[in-house]
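Thanks for coming, everyone. I'll take a few minutes on one structure, starting with a single helix and working outwards. Please have a look at it first.

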Amino acid sequence: MFTRKFLFSLLFIVFYSNLSASIDDYFPYNIGPSASNYGETGLIEIPNARFMESGSLSFNYSSSYPNEFTGLTASPFSWMEATYRYVEIKNQKYGQDFYSGNQTYKDKGFDVKIRLNKESYFSPQFALGLRDIAGTGIFSSEYLVASKSFGSLDLTAGLGWGVLGLEGNYSNPFMDFNERFSKRSISTSSEGGEFNYKDWFSGDMSLFSGLEYDLSKYGLRLKLEYDTSNPDKVLSRRVPLKVSSRFNIGADYFLSESFVLGLAFERGNQLRFSFKLTGNFSKDTIRKPPPKNVLKLNEGQLRRVKENKSIFYKSLNLSLREESIFIQGASLDDDSVDVAVSSPKFMSLMRLAGRSARIASALAPEEIEELNIHIMNGNFEASIIKLNRAELDKAHKFKSSSSEILEDTTLNSNSSNPIYLNADFQPTVNFPQISWNMTPAFRHQIGGPEGFYLGQLWWKTDLNINFSRNLTLYSTVGVDIYNNFDELNQPSDSKIAKVRSDIQEYLKEGETNLARFKLEYMFSPYKDIFVKAELGMLEEMFGGFGGEIYYRPFNRKFSLSLNAHKVKQRDYDQKLSFKEYTTTTSNVSLYYDFFEGISGQFLYGKYLAGDKGITVDLSRRFKSGFTLGIFATKTDLSVEEFGEGSFDKGFYFSIPTNLFYSDYRQGTIPFGLHPLTKDGGSLLNYHNSLYSLLGETTKKSLLRDWKDILN
Amino acid sequence: MKQIVLLIISLLALYSCSSLNNNIAPGYTEAYKNIKSLFMIKENIEITPSLIEEIPYASAMLRIGKAAPGLIILEGYQRDEQFWISADNVYISIAKGRVVATRGLPNNLIEYKSSFSLYEFQDGSFPKIFYSYYSYDLPELINLKVRSSISVREKEVVDLFNQQRTLLLIEEEISNDYLGWKETNKYWLDEEGFVWKSVQNLSPKLPPFEIIITKKPAK
C-alpha cells in the first residue's frame, strides 16, 4: 500500500514544474545526463526520459554482483539514444567446463530509447525505450517513461514490460486490444540476434519510479528508485537473488563534464560501482589557428610578377606550403588564376579552398578577377571552386560575408580533365615516390567463450610506392610482439563456406603476416566517373583482382558504385599461398544523402560465401566530421544456415583526430563492431573505396562547410 | 591480468588508425604530445625582452590557464579603463589593475561593479570584506554577487619577465556560496599602487588570468 501511494505521489508531482535560474549554468561542476546500469540515460536499474546531447558518445561501466555491465551509448540525434552492451553474469557459467572453462556468462545486448516530446512548463518529457532487443533477451524490457524537473529535483515515473515489468503491479492495458499481450515468452532465445517484436509490451506490467536530486555545488547527483525488475523471481537463464529492499539508492559524482563516478546500494544488500566517460563530438571546441597573414605585393613586385609568371608561381608555392597546402598545378591568365591544391591537413575542403584563395589573391596581379581553386583528393581533381576575387577580398576586410561570396561563386567538377595535366606551372614530381610508416597496432577478439578479451600487440609497417599519379603499390606487414590467441579453441562450425568464421585460425597462424600487398590503379575516364582496378593480396583473408566503378554526379545527392572481384581465400598464415576456396563477389551500391547529415548506403550483391542479399548502412555525419552509423545485411541464407545472430549487423563510429588538437589535421579514429564474426553477408574489406575518397567532395558537402571559406 | 593490460593498451591504440605525418608510431607520438600539452604549462619562446622594447606601445603578458602566454597591447583608454588587445582578438579591459571586462573568449566578463579599487588597498583604509557584482555573457548572468576578503601580505621581489621589482602582495579571496565558487586573486603593487602583476579569477567558467605588465602605460 505504501509503495502505491509513493508511486502515485511521484506521478502527481510530475505534472508540476518550475523555472531554473541562469546562475545554475555557473556551477563549477556541470552536471549532465547520467547513465543507468544498462548504459542509457537513467537512474540505477530504471531508465528516465532524459537524453545526452546530440553527437555524444559514452563508455559506461557498472560493476556489482552478479551483473557487470560494459557498454557504449551514442546519441545520433537529440531525441535518440542507442546502446550496445556486454553483461557479465558472474553467478552463471558461459558453458560446460570442457567448452569455456571457468568463464562466466557474457550476454550482448542492444537498446534504443526515443524521446516522444520535449519537456515544457506543464508537461514532463516522455520517452519510449526497448532494452536487449536483438540479444538473447535475458534483460529484454520495454518502457514508457516520463521525467519532470523541478529545479534540482528530477522525478521519473514509467511503465515497464519484460524484466522491468516483473513485479506486475498493474494489469497490462494492451490485453484489452489483443490476447497475445497477456503472455510473454520469458524463455530467452538461444541463438539471439532476432527482434522478438511479438513479445514487446506483452506480459506483466509494472509502474516504476524514481527521483534524482542535483547538488550542483558539490558535483553530486543523488538517486533513489523503486526497482520493479524483481531479481528474486525465478526466470529461465536467471539465478534468483536475495532482495532485502525494492528501493535502490545511489550517487554520481561529476569529476568533470566527461567523467562521472557512481556508487549505488542495490536490493538492500549489494554495492555497485560505476563510471561513465562521455564526449560530445558534434562540435570542435578547441580553438584552431587562423589563416596565416600574407603580405600583399607592392607595385614593383606586382609589375615583376606580370613580366615573369614564374615569380608568381614560386611565391604561391612557398606561401601555400606554409599552410601545409601543396600546389599540384597553376596557371596565371589575364584575368583569372587557376590553382590545383591538395593538403594532408584540412578535413574541410572549403577551408582548404579559402586559405588557398586568400594566398593566391594576395600574390596575384591586380587584373585578376577570378580565383579558380581546383581541389585534389588523392590523385583525383574532385571539385572546382570559382571565386570572385573582389568579394573574397572584401570579406577578408569584414566588408562582406561568406554568404555574399557564395552568390558570386560557381561550384563545379571536371574530373576527367584535371588542370594539373595542362597547367602552366607543374611542380616536378619524381616517381617512384616511396612513403612508409610503422606503428604498434592491435588485433582483438572480444566476447568469445575462451575469454572476454583475447588480443595481439602487433608491429605494423605500411610501405606504399607511387609509380605514377595513378599507380600505387600498397603493402602492410605485421610482426607479432605478443598475443594470447593460443587460448582460442573454438573452430568454426559454419554450415556454409567459411569465409570469415575461420578468424581464429587466421589470428593464430597469421601472428606475423603480410596483411596487404596490392597494386592499385585509379583514373577518371569521364566527368564524375572514377575507376579503380586492383590486384594482389587485397586483405588478410582474400587475394585476387577486381575493381570499382564509381559515379558521383557532382550536383546530386546520390552516387553509385559497382564493385566486382575474383578472389581466392588466403592460407591461414597469410603469407603468399592460398586455400582452395575461390569465388566471384560483386555488388552495386546506391549512396544517398538525406537530411541533417544522414547518409544511406543500399547495397545489393553477391557476398563472399556466395549468398545474395542486401546491406543497408545508415549513418549521421556531424559538422565536425564525427560519424555514427549502423548497418545490417540480410541474405538468402536461412536463419539456421547463418547461425547465431540470425543476420549480420553492427555499428561503427569515427571521431576526427583534429577534435583533440589545437591545429587542423586530417585522420580519424575509427571503431566498428560486428557482435559476431559470421560467414553470411560478408563483404571484402574494401581498401580505398572510391566513396571514401570522393563521397565528401560533392556540391552538397562543399555547401555544408561553406562558412569555413573565411577561416 | 594479461587480458586487462592488453585491453587498456588496445583502447589507446585506437589512435594508431589515424593518418598522421610522422613515420614511426605517428598516432602515439601525437597523442603523447597532446596529453603532455594538457598537463604542462606552455612556454612562449617567441616573446623576448627586445621584442617588447621594440614595440612602441604599452604591453603586457597574458596567460589564461595553462595556455601559452601571449602579448597584449594597449589599444586605448576611456577614463580609468584601459583596453588591451591580443593577436587573436581577445580584448581585456583593466581598470586600476583589475580586469573589469573581456571580449572574444568562450565566456566573458561583461561588467564588474565594486565600490573599492586596488589603489585604496595600500593605506589600509579599505574594508577588509566587501561585495562586488560580476556580469557575464555566454551564458548570460547579471550581477553575480561575490564576496571579497582582502589580506595585505609582505613585499617581495617579483620577476616581471624583463625586469625585477620589489612589490607588495595583496590577496583577495573571492567567493559565492551558492555556486561554491572560491578562488584567491593576487595583485602585486608598487608604492604608487600600480599593479604590475596579477593572477585574477574572473568567472567560474574561466581559468585564472595571469597578467604581467611588461611596458607600463604612459598614464
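**A walk through chain A, and a glance at chain B**

Let's start with what packs over one helix. The buried residues of H4(A) are covered by several elements of chain A, including helix H3 (299–307), strand E13 (326–332), strand E14 (336–342) and helix H5 (349–363). Before I go on: this is a predicted model.

Now H4 itself. Helix H4 of chain A runs over residues 309–322, so you are looking at 14 residues. From first C-alpha to last, H4(A) reaches 20 Å, close to the 20 Å expected at 1.5 Å a residue.

Which residues of H4(A) are buried? They are Phe312(A), Tyr313(A), Leu316(A), Ser319(A) and Leu320(A). Those five sit on the same side of H4(A), because they cover an arc of only 140° around the axis. Turn to the other side of H4(A). There, Ser310(A), Leu318(A), Arg321(A) and Glu322(A) are exposed. Follow the chain just past H4(A) and you meet Ser324(A), with a positive phi of about 60°.

One of the covering elements deserves its own look: H5(A). Its end C-alpha atoms are 21 Å apart, and that agrees with the 21 Å its 15 residues should span at 1.5 Å a residue. Buried or exposed? Of the 15 residues of H5(A), 13 are buried, so this helix is largely enclosed by the rest of the structure.

Next, the barrel. In chain A, twelve strands form a closed barrel with antiparallel pairing. The order is E1-E2-E3-E4-E5-E6-E7-E8-E9-E10-E11-E12. On average, neighbouring strands of this sheet are turned by 20° against each other, direction ignored. Where do E1 and E12 meet? Strand E1 (residues 56–63) and strand E12 (residues 270–280) of chain A run antiparallel, and eight bridges join them. To pick out one pairing, Asn60(A) has Lys276(A) in E12(A) as its bridge partner.

Let's step back to domains. The domain assignment divides chain A into domain 1 (2–280), domain 2 (299–428) and domain 3 (433–468 + 470–699). How far apart are the centres of domain 2 and domain 3 of chain A? Taken over C-alpha atoms, 36 Å separate them. Their contact takes 18 residues from domain 2 of chain A and 19 residues from domain 3 of chain A. On the domain 2 side, the elements that give two or more residues are strand E15 (370–377), strand E16 (380–388) and strand E17 (410–412) of chain A. E16(A) has the largest share of that side, with three residues.

One single residue now: Pro525(A). You will find it in strand E21 (residues 513–526) of chain A. Why does Pro525(A) count as exposed? Because it has 10 C-beta neighbours inside 10 Å, and a residue with 12 or fewer is called exposed. Leaving aside neighbours within four places in sequence, Pro525(A) is in contact with Ser416(A) and Val531(A). Take Ser416(A). It lies 109 residues from Pro525(A) in sequence, yet the two are 5.5 Å apart in space, C-alpha to C-alpha.

Last, chain B. Chain B has three helices and twelve strands. Of its 219 residues, 26% count as buried. And of the contacts in chain B between residues at least 6 apart in sequence, 38% join residues at least 24 apart.

That's my tour. Questions, please.

Methods: Residues numbered from 1 in each chain as written. Chains lettered and ligands numbered in written order. Predicted model: local features only at pLDDT ≥ 70, side-chain atom pairs only at ≥ 80, totals over all residues. Helix = DSSP H or I, 4+ residues; strand = E, 2+ residues; numbered from the N terminus. Expected span 1.5 Å × (residues − 1). Buried ≥ 20, exposed ≤ 12 C-beta atoms within 10 Å, placed from the backbone. Arc of directions from axis to C-beta. Contact = placed C-beta atoms within 7 Å. Pairing = 2+ DSSP bridges. Axes fitted to C-alpha atoms, helices over the stretch in contact; angles between N-to-C directions. Domains from an automatic or database assignment.
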